[in-house]
Amino acid sequence: MAANDWIDVLFGALARQEGAFSPDPNTIPRRRNNPLDLRFAGQVGASAPAGMQNKNIAPPPIAQFDTLAHGIAAGYRQLWADIARGDSLRKLIYSWAPPNENDTAGYLANVARWVAVADLDAPLLELLTLPS
């Protein structure tokens, strides 16, 4: 599978786990145009949710994107940045979905199964088939 195809599958698996494809329109990813539940970090087209602007909150709130396109673009940008940094699937998921907020082990197991990754500690960049 080509690198971009595999990234699309990974993005879809992460979005699925976050609830972006839920039929419920009130899930955070759907309500905030943010399929990967990214935290607000000044992304293009993003803002802190109403009532949370100009507050020094740790961790930052889940971002609200103006459009779904902005939320998808920010998700891909963050995913590629984490892959380029050398993150493994385990490291990526434990940083995006920490155990104090999520069932991180279940999240990791689901995504690993959906993208067929067996070595959870291998850098994701090594799992890609890049064109020569």
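The following legends describe close-up views of a predicted model.

**Figure 1. Helix α5 and its buried residues.** Helix α5 comprises the 12 residues 104-115. At 1.5 Å a residue, a helix of this length should span 16 Å, and the end C-alpha atoms of α5 are indeed 16 Å apart, so the expected and computed values agree. Buried positions in α5 are Thr104, Gly106, Tyr107, Leu108, Val111, Ala112 and Val115. An α-helix has 3.6 residues a turn, so residues three or four places apart point the same way. Within the buried set, Leu108, Val111, Ala112 and Val115 may be viewed with this periodicity in mind. The residue that follows α5 is Ala116, which has a positive phi near 60°.

**Figure 2. Surroundings of Ala112 in helix α5.** Ala112 has a relative accessible area of 9% and is therefore classed as buried, the limit being under 20%. When residues up to four places away in sequence are not counted, Ala112 touches Leu89, Val117 and Leu120. The view also includes Leu14, which is 98 residues from Ala112 along the chain. The C-alpha atoms of Leu14 and Ala112 are separated by 9.9 Å.

**Figure 3. Two residues with positive phi, Asp37 and Ala116.** Most residues other than glycine have a negative phi. Asp37 is not a glycine, yet its phi is positive, at about 55°. Ala116 is likewise not a glycine, and its phi is positive, at about 60°. Asp37 belongs to the loop between α2 (28-31) and β1 (46-47), whereas Ala116 belongs to the loop between α5 and α6 (124-127). Their accessibility is contrasted in the two panels: Asp37 is buried, with a relative accessible area of 17%, while Ala116 is exposed, at 69% relative accessibility. The cut-offs behind this assignment are under 20% for buried and over 50% for exposed.

**Figure 4. The aromatic pair of Phe11 and Tyr76.** The structure holds one aromatic pair. The ring centres of Phe11 and Tyr76 lie 4.2 Å apart and the ring planes meet at 5°, so the pair is stacked. Phe11 is located in helix α1 (residues 3-18) and Tyr76 in helix α3 (residues 68-84), so the pair ties together parts that are 65 residues apart in sequence. Phe11 is buried, with a relative accessible area of 8%. Tyr76, by contrast, is partly exposed, with a relative accessible area of 24%.

**Figure 5. Arg16 over the ring of Trp114.** In this view the charged end of Arg16 sits over the Trp114 ring, at 3.8 Å from the ring centre. Trp114 falls within the residue range 104-115 of helix α5, and Arg16 falls within the range 3-18 of helix α1.

**Figure 6. Asn34 in the loop between α2 and β1.** Asn34 is buried, with a relative accessible area of 0%. The side chain of Asn34 reaches the backbone nitrogen of Leu38, at a distance of 2.9 Å. Apart from neighbours within four places in sequence, the residues in contact with Asn34 are Pro29, Ile62, Ala63 and Phe65. The loop that carries Asn34 also holds Asp37.

**Figure 7. A salt-bridge network of Asp82, Arg85, Asp87 and Lys91.** The structure holds five salt bridges, and those drawn here link the four residues into a network. Arg85 pairs with Asp82, the closest N and O atoms being 2.1 Å apart. Arg85 also forms a salt bridge with Asp87, for which the closest N and O atoms are 3.6 Å apart. Asp87 in turn meets the side chain of Lys91 in a salt bridge of 3.7 Å, N to O. Arg85 counts as exposed, at 55% relative accessibility. Both acidic partners of Arg85 are buried: Asp82 has a relative accessible area of 1%, and Asp87 one of 2%.

Note on methods. Residues numbered from 1 in each chain as written. Predicted model: local features only at pLDDT ≥ 70, side-chain atom pairs only at ≥ 80, totals over all residues. Heavy atoms only, no water. Helix = DSSP H or I, 4+ residues; strand = E, 2+ residues; numbered from the N terminus. Expected span 1.5 Å × (residues − 1). Buried < 20%, exposed > 50% of the residue type's maximum accessible area, 1.4 Å probe, protein only. Contact = heavy atoms within 4.5 Å. Phe/Tyr/Trp six-rings, centres within 6.5 Å; stacked < 30°, edge-to-face > 60°. Lys NZ or Arg CZ within 6 Å of the ring centre and 35° of its normal. Polar contact = N/O pair within 3.5 Å; in protein donor to acceptor, adjacent residues only side chain to side chain.
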